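User: I would like a close look at one part of this model. Please keep it brisk and stay with the geometry.

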Amino acid sequence: MSRKYNKVSANAEFVIVSQVELASELNGIPAIAINHGINFDGPWSADFSSNSENYSIFFDAIMNLNYCVCVDTNFINWVRTRNYKLSEKLLYIPNYFDSKNYCGKRQNHSHDKLVCVYPRRIYSPRGYDITIDAFKRILRDSKNGEIRFVGQIDNEKVKNDLLAFKNDFPDNVFHYEYEMQDMPKAYSDADIVIIPTKYSEGTSLSCIEGLASGAAVIATNVGG
């Protein structure tokens, strides 16, 4: 694919590449790339890591770039451990929040339920399944908890898992979808924001938004 883009972009004055690997075959074209985090730390990573050739596409790409913008320091640190000179092409511009839309507030704990929000795409890398497992235990013992899944359902299995969970706890489990500009609604009365990432994430935008909104955040020790 990168080789094809090399032909298409031959006369371009400037190219923005996303994701980084697509620059691996670019040749003599001024270009920057955007890196959104390490995407190879999944369940398969033990096999992947055992063969250093699997990483060569990243270094080939960086060599062909003028710069690469990274939303977190995770990818930068990883490149530094393998090729410090190439890491000097990596620039850190962090994910951000708009302070006009996301503003910290004193939480109102006078309501009956403790409101927990999972504000992200609903699929395995983002930990929807471990969230369901955890809240099955919580809601069996305490009925004053509420978990809201706010995001797109990824596939039929996720849809069925979430439906079964809602059927078990119809008064405590909810699902919503918001447009990007409406996401502040997801946090408006949240007590706790859940960021249960399992793999393939940089610095979570949801984590930043949750913190900015004044909610407590529970996150896994993954990525950026």
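In what order do the four strands of the open sheet stand, and is the pairing parallel or antiparallel? Take me through that sheet and what packs on it.

Analyst: This is a predicted model. The order is β1-β2-β3-β4, and the pairing is parallel. The sheet is open, with four strands. Its edges are β1 (15-17) and β4 (90-92). Each edge strand has a single partner, so one side of each is left without a neighbour in the sheet. Direction ignored, neighbouring strands are turned by 25 degrees against each other on average.

Now the pairing at one edge. Strand β3 covers residues 67-70 and runs parallel to β4. Three bridges join the two strands. In one of the pairs, V69 has L91 of β4 as its bridge partner.

V69 deserves a closer look. This residue lies in strand β3. Its relative accessibility is 17%. Buried means under 20%, so V69 counts as buried. Leaving out residues up to four places away in sequence, V69 touches A33, I34, N35, L91 and I93. L91, the bridge partner in β4, is thus also among the contacts of V69. A33, I34 and N35 are on that list too, and β2 spans 31-35. V69 and L90 are 21 residues apart in sequence, yet their C-alpha atoms are 5.9 Å apart in space.

Next, the helix on the sheet. Helix α4 packs there and touches β2, β3 and β4. Its direction makes about 150 degrees with that of β4. Over 145 degrees counts as roughly antiparallel, so α4 runs roughly antiparallel to β4.

Helix α4 (residues 74-82) also packs with helix α3 (residues 56-63). The angle is about 95 degrees, and the axes are 12 Å apart. That makes the two helices roughly perpendicular. From α3, the contact uses F58, F59 and I62. From α4, it uses F75, W78, V79 and R82. Six of these contact residues are nonpolar, none is polar and one is charged. The charged one is R82, because Arg counts as charged.

Two other places are worth a glance for comparison. Strand β6 (residues 145-150) is mostly covered, with six of its six residues buried. G145, I147 and F149 point one way from β6, while E146, R148 and V150 point the other way. Both sets are buried. Strand β5 (residues 114-118) runs parallel to β6, and five bridges join them. There V117 stands opposite R148.

The second place is a loop. T197 sits between β8 (192-195) and α9 (205-212). The relative accessible area of T197 is 3%, so this residue is buried. T197 touches R120, P125, R126, T220 and V222, not counting residues up to four places away in sequence.

Last, the setting. The protein chain has nine helices and nine strands. Its C-alpha trace spans about 60 × 40 × 30 Å along the principal axes. Of its 224 residues, 42% count as buried. Among contacts with a separation of 6 or more, 65% join residues 24 or more positions apart. The accessible surface comes to about 12,700 Å², and 50% of it belongs to carbon and sulfur atoms.

Note on methods. Residues are numbered from 1 along each chain as its sequence is written. This is a predicted model: local features need pLDDT of at least 70, side-chain atom pairs count only at pLDDT 80 or more; totals for chains, interfaces and linings use all residues. Side-chain values use heavy atoms; hydrogens and water are left out. Axes are lines fitted to C-alpha atoms, for helices over the stretch in contact, and angles run from 0 to 180 degrees between N-to-C directions. Angles under 35 degrees count as roughly parallel, over 145 as roughly antiparallel, 65 to 115 as roughly perpendicular and the rest as oblique. Contact means heavy atoms within 4.5 Å. Two strands pair if DSSP finds at least two bridges between them. Buried means under 20% relative accessible area, exposed over 50%, partly exposed in between (1.4 Å probe, protein chains only). Accessible areas come from the Shrake-Rupley method with a 1.4 Å probe; for residues, only the protein chains shown count as cover.
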